[in-house]
Amino acid sequence: MDTPSGFSDDTTATAADISSLNRLSETLETLLLDPSNSFSDAKIVLSGGREIAVHRCILAGRSSFLKGRFNGGGKEGRRLEMKELGGDYEIGFESMMSVLRYLYGGRVEGLVVPKDVCVCVDDEGCGHEGCRPAVDFMVEVVYAYHVFQIPEMVAFWERRLLNVLDKVSADDILLILSVANTCGKSCNDLFSKCIEILVKSSVDFVTLERALPEEIVKQIIDTRFELGLDKPGSSSFPDKHIKRVHRALDSDDVELVTMLLREGHTSLDGSCALHYAVAYADAKTTTELLDLALADVNHRNSRGFTVLHVAAMRKEPSIIVSLLTKGARPADRTPDGRKALQISKRLTRAVDYYKSTEEGKDCDKGRLCIEILEQAERRNPLLGEASASLAMAGDDLRVKLLYLENRVALARFLFPMEAKVAMEIAQVDGTSEFTLESIYSQNLANAQRTVDLNDAPFLIKEEHLVRLRALSKTVELGKRFFPRCSEVLNKIVDTEAHQWIDTPEERELKKQKYLSVQETLNKAFNEDKEELDKSYTISSSSSSTSGVVNPPTAPFNFQKQ
């Protein structure tokens, strides 16, 4: 047979074929990657609501499952909801794009772990092969291929996971085992290896029970018994009294927990109730449990983890702050040598951490936990520093309250996540906001009793003092755990960087500035009042049915200095 034009032999033909296939692959990938692409006719919607424009004809040709899903011509046939297909397990954007790039182009790029999204923040102590970001990516990819029913790629990524299991923490093995169980027979080897690792691990019964189906937990526990690695009645298994405490925490019923403790069958430390609450209960429930002051915040559970270690695994900033303010030690290490800070770093993707440091970006929870723990390991500012500074602002409690209200409000606007954490710990939500309107209301009451507004003292009520204490604690926590944010607030809220210098001259200067503001406000008010008096007089004389019309009262009750 004659050699086709342009080809001299089989070797040349093979090279040309490879080159053509590469160009075809690049062209198809461009359809997926080009955001301005207008030829897409369907969408894949991820659990977080993010959409990826796709082409039904390409995906249908690559997967019989997708062909069936995209078969309809209506709206339902053009929109693939991953939440409906994948249940509660979320598949991230990067993981889905890796799967789609392989389906579009069949290129090797779809078979590697992208370093930009699979690296944790711990650059010094982690090789990044088995840290949580890498594990998350790989199990998401396995799960996506399982959902799309592409068995050869499930098998490929199963092998990748098998190769890194010895570098993965026992708690992350729980995640891998859960996904391997969902994938069924296609991940048998991965399932068996994870079971083997967990049997020999120190992971306790409660942790297993919360993470895995009942039949798998039974398989692990029975194997431990057979091998003599554990036995009924050991510290790994909660008795009926401990289970009752845990169930009460599941219901966020701290009062019931207190009643159970009075029975004397167990204690908060004996039941590791604080560990349980930090891992699984609502943050408010954890705070209430801490306020009982009946537990050692540095107590270790059967695995050798302190409560702070468990809190770092959960990645909940408000719980971490609550524990630190109650005396939790950030320097304590797990049996394998990790501090709470290192746990947080290995759970957080570097790309998320550094992205949230950019101006205008919301703070990532992982980054917030890391910053809190880093600050806790440094020399902390003394609690009360904010209160001491605040005392320099002047003797009028109205000034203090308004200053705190303004500072906290600005913090909520600029640093919403940090402010939320501090406000939750300080229990600000249970107090009444102090505003200029509240001053106006009291002045109005004074005026109705014919009291001179300029001489009438502002009546501090208990609710004002409660609010002041809560806001002061919020500022203190901000200075202690979020110094970067506090520095920004200092420059904006506090005139001249709000450096309160404890000298009579500085205090007198601030007092004069304050009086000047009072005078300006009162002058403006009095001028408006004169104009309004005239209109009220005209209105009163022209109405024969209405009673006396009272002119407005001064809205500010400034106390004489």
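A salt bridge is a side-chain nitrogen of Lys or Arg within 4 Å of a carboxyl oxygen of Asp or Glu. The views below come from a predicted model.

**View 1. Glu377 and Lys339 are joined by a salt bridge.** The closest N and O atoms of the two residues lie 3.3 Å apart, so the pair falls within the 4 Å limit for such a contact. The bridge connects distant parts of the chain, with the two positions 38 residues apart in numbering. Glu377 belongs to helix α20 (residues 365–377), whereas Lys339 sits in the loop between α17 (317–325) and α18. With a relative accessibility of 34%, Glu377 counts as partly exposed.

**View 2. Lys43, Glu51, Arg79 and Glu81 form one network.** Salt bridges that share partners join these four residues. Across the whole structure, 28 salt bridges are present.

**View 3. Asp122 and Arg346 meet in a salt bridge between distant parts of the chain.** Their closest N and O atoms are 2.9 Å apart. The two residues are 224 residues apart. Asp122 is placed in the loop between α5 (93–105) and α6 (132–147), and Arg346 is placed in helix α18 (residues 340–347). The partners differ in their exposure class: Asp122 is buried, at a relative accessible area of 7%, while Arg346 is partly exposed, at 24%. The two classes follow because buried means under 20% relative accessible area and partly exposed covers values from there up to 50%.

**View 4. Arg132 and Asp136 form a salt bridge in helix α6.** The N to O distance of this pair is 2.9 Å. Arg132 and Asp136 are 4 residues apart in the helix, and therefore about one helical turn separates them. Arg132 is partly exposed, with a relative accessibility of 22%. Asp136 is also partly exposed, with a relative accessible area of 23%.

**View 5. Cys194 takes part in no disulfide.** The structure holds 0 disulfides. The nearest cysteine sulfur to that of Cys194 belongs to Cys187, at 9.3 Å. This pair is therefore not counted, as a disulfide requires two cysteine sulfur atoms within 2.5 Å. Cys194 is buried, its relative accessible area being 0%. Another cysteine, Cys369, is likewise buried, with a relative accessibility of 0%.

**View 6. Phe413, Leu414, Val488 and Ile492 make a nonpolar surface patch.** The patch has an area of about 380 Å². Two helices, α22 (397–414) and α26 (483–493), each contribute at least two of its residues. Ile492 is located in helix α26.

**View 7. Confidence varies along the chain, from helix α21 to helix α9.** The mean pLDDT of the chain is 78, and 72% of the residues reach 70 or more. Helix α21 (residues 385–391) has the lowest confidence, at a mean of 40, and helix α9 (residues 188–200) has the highest, at 96. Over residues 380–395 the pLDDT stays under 50, and the model gives this stretch 27 contacts beyond four places in sequence. Residues 495–502 also have a pLDDT below 50, with 15 contacts in the model beyond near neighbours in sequence. Where pLDDT is low, the predicted coordinates should not be read in detail.

Key: Residues are numbered from 1 along each chain as its sequence is written. This is a predicted model: local features need pLDDT of at least 70, side-chain atom pairs count only at pLDDT 80 or more; totals for chains, interfaces and linings use all residues. Side-chain values use heavy atoms; hydrogens and water are left out. Buried means under 20% relative accessible area, exposed over 50%, partly exposed in between (1.4 Å probe, protein chains only). Patches are made of residues with over 30% relative accessible area and no salt bridge: like charges are joined within 9 Å, nonpolar side chains (Val, Leu, Ile, Met, Phe, Trp, Tyr) within 5 Å. Accessible areas come from the Shrake-Rupley method with a 1.4 Å probe; for residues, only the protein chains shown count as cover. pLDDT is the predictor's confidence in each residue, from 0 to 100. Contact means heavy atoms within 4.5 Å.
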